[in-house]
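Visitor: I am new to looking at protein structures, and I would like to learn how to read a few features, one at a time. Could you take me through this one?

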Amino acid sequence: MLVSIILATFTTVFVGLFLAGSGIAARQLKSPLPVPRWALVIPGLLLLFGRIPSITYSAQLNTDESQLLAQGLTLAKNPRFWQSVDGTTTGPLASFVLTWPSLFGFETGYMQARITGLVLILISLYLFYKALSVRFRAGVAYVGLLISTAFFAFATHFDLVHYSSELVALPLIAVLWWQWMRLLNNSSPLSASSWLWTGLLAGLTPFAKLQAVPVVGLLALGLVVSLLWSGKPLPNANRRAASVFVVGGLLPSFLVVGYCLMFGVWDNFWTFYIRANLSNYHELQQHLGLPMHRSMLTKLSKLPHFLWVEPTVRYLFCLGLSSAVVLIIAWRRWLNKGARAHTFALIAWLLGSFYVAIAPGTEFHHHLLFIVLPVTWLVSTAFAVTLSRNQANYIMGLYGIGQLATLLPMWTYGVAPFLYNPYLATTLHNRTAPPSAVGTYLREHAQEGDQLAVWGWNTTYYVEAQLEQGVSENHSFRSAVDHSLQSAYLAKYMRDLKRNQPVWIVDATGPASFVLSDSTRFRMARYPCLKQYLRNQYRLQAIVEGQAIFVRADRFPQDRPVTAMR
């Protein structure tokens with residue numbers, strides 16, 4: 001009974017907020033007045049209510065979550081990235097933003113990670129709304145805000161609601177787009193300090209999400225070209241602004257290089273972050289069981305299925321497609337000289353965003369987070385065109401039919417989104433999911449300051465036991481499988497073990513491991529260097545659910561017989 005009441009309440013409030021936002025948007029489209037500040041609270045509440053089910057779900061939604069949490073937990077105590085932590089495909093920012101729970105005395109868990117993700121989404125939407133307000137009238141800007149918020153609020157696919165490194169890159173992209181729109185719309189000129197911090201934020205992108213660099217690179221290039229070619233109001237001031245922006249953009253990279261050289265982690269940075277991600281990534285896909293779509297043409301052929309699997313992505317894509325059709329039909333009426341720069345800017349943003357989502361060929365849905373804001377901007381542009389007074393009525397009618405056609409599936413999907421939302425249902429029945437047997441064992445036996453190394457791929461143990469990493473890479477996938485850099489990864493793993501001498505080592509290969517589930521092939525004893533090191537420095541403490549837990553020899557009970565390594 002209680003479950004039914006809570007579900008009904010959530011559904012009522014959630015749908016009520018969506019309807020209230022829609023009503024405000026309809027009113028603002030007819031009004032020349034600015035959007036009242038209180039109206040901006042509605043999208044914020046809509047997002048909050050939509051995210052509560054996933055925020056309060058107490059287990060990982062994607063293996064990336066526990067990896068990033070383990071890295072944040074480790075960096076709070078040892079903040080030397082590329083030494084204490086190797087983020088593999090993610091930069092240091094995605095992990096450093098998760099250090100706040102440990103720094104403020106909280107447990108570093110999934111709820112804290114998803115709250116962090118919620119804050120990052122709110123920042124992205126706020127900056128996106130600022131850009132919309134610069135370019136469009138108040139009503140259209142509010143519609144764009146509501147559509148983008150609805151996407152994040154309605155989404156229930158685990159890849160779209162878990163904490164991911166894409167969420168760290170979104171605010172950096174949004175602020176760059178906002179500043180470009182201010183420039184193109186001749187808003188109040190920006191000071192040198194504004195151009196500097198805009199460049200700094202853009203320059204942070206490679207250290208948040210390397211995958212986002214093509215998007216930010218295109219936007220930054222377009223912004224610089226706009227500055228140099230605008231010629232007004234002050235060409236010299238524009239050149240100075242472009243120079244300051246470029247210097248700001250390069251500064252984070254110079255600082256990172258200096259940090260790497262100062263702390264002796266340059267080889268790790270270059271080999272395992274730059275080289276591995278640029279040239280080695282596709283080698284690993286075959287071991288992950290992922291489709292090997294090497295040609296861009298093949299990847300593009302898979303795009304319709306990629307976009308159609310998840311309902312909110314499907315809705316947003318249909319909304320964007322119908323908007324693009326309207327803009328193409330009416331191009332003679334709106335693509336005047338003043339709109340060309342904005343059009344080229346949007347095309348660059350769309351191309352860059354779709355490229356970074358498609359290029360990996362993995363079809364991970366969290367990559368689609370990059371397309372949400374540019375597609376919403378496309379929809380907002382179509383709204384602005386169809387609502388302008390000089391447009392033919394048939395355009396407005398065609399666009400209205402297109403929106404209704406795409407909105408109906410959204411209403412079918414969204415009127416009662418929580419009735420089958422697995423995260424809400426599970427959370428109601430069990431707010432604290434029981435930890436694994438291995439995590440429980442480690443938590444009971446570990447002491448303050450202990451470190452853990454996991455061989456295999458099960459990073460939930462770090463989170464469950466709240467133990468920092470004893471090796472820089474919290475799973476051993478790249479050390480265990482055959483690829484061109486395997487020897488380099490395995491050598492790094494051994495260096496980390498010898499330097500940190502973690503108290504606990506878990507051989508997690510087997511059914512509990514992601515990918516490395518064949519323990520006969522991947523267990524630690526199959527690698528001579530690991531086997532010898534364990535034999536000399538560690539003792540087999542326990543076997544829990546088929547996973548061997550080793551403890552450092554000085555912590556092994558003296559009255560227990562030593563068990564031979566399997």
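Guide: Gladly, and please keep in mind that this is a predicted model. Let us begin with strand β1, where Gln451, Ala453 and Trp455 point one way while Leu452 and Val454 point the other way, and all of them are buried.

Visitor: Why do the side chains take turns like that?

Guide: The general idea is that in a regular strand the side chains alternate between the two faces of the sheet. In this structure β1 is mostly covered, since 5 of its 5 residues are buried.

Visitor: In what order do the strands of the sheet lie?

Guide: The open sheet is formed by 5 strands in the order β2-β1-β3-β5-β4, and the pairing is mixed. Because β2 (468-469) and β4 (538-544) stand at the edges with a single partner strand each, one side of each is left without a neighbour in the sheet.

Visitor: Which pairs are parallel and which antiparallel?

Guide: Two examples will help. β1 and β2 pair in the parallel sense over 2 bridges, and here Gln451 has Glu468 in β2 as its bridge partner. Strand β3 (residues 504-507), by contrast, pairs with strand β5 (residues 547-552) in the antiparallel sense over 4 bridges, with Ile505 standing opposite Phe550 in β5.

Visitor: Which helix lies across β1 and β3?

Guide: That is helix α25 (residues 486-500), which runs at about 155° to β1.

Visitor: How should I read a salt bridge, and how many are there in the whole structure?

Guide: The general idea is that side chains of opposite charge can pair when their charged atoms come close. A search of the whole structure finds 9 salt bridges. In one of them Arg114 is joined to Glu65, with the closest N and O atoms 2.8 Å apart. Arg114 lies in helix α6 (residues 110-135) and Glu65 in helix α3 (residues 63-75), so the pair ties together parts that are 49 residues apart in sequence.

Visitor: Where do Asp86 and Lys492 lie?

Guide: Their side chains meet in a salt bridge (3.1 Å, N to O), and this pair links distant parts of the chain, with Asp86 in the loop between α3 and α4 (92-96) and Lys492 in helix α25, 406 residues apart. Both Asp86 and Lys492 are buried. Another salt bridge joins Arg478 and Glu473 (3.4 Å, N to O), and these two residues are buried as well. Through shared partners, salt bridges join Asp86, Glu473, Arg478 and Lys492 into one network.

Technical notes: Residues numbered from 1 in each chain as written. Predicted model: local features only at pLDDT ≥ 70, side-chain atom pairs only at ≥ 80, totals over all residues. Heavy atoms only, no water. Pairing = 2+ DSSP bridges. Contact = heavy atoms within 4.5 Å. Axes fitted to C-alpha atoms, helices over the stretch in contact; angles between N-to-C directions. Buried < 20%, exposed > 50% of the residue type's maximum accessible area, 1.4 Å probe, protein only. Salt bridge = Lys/Arg side-chain N within 4 Å of Asp/Glu carboxyl O.
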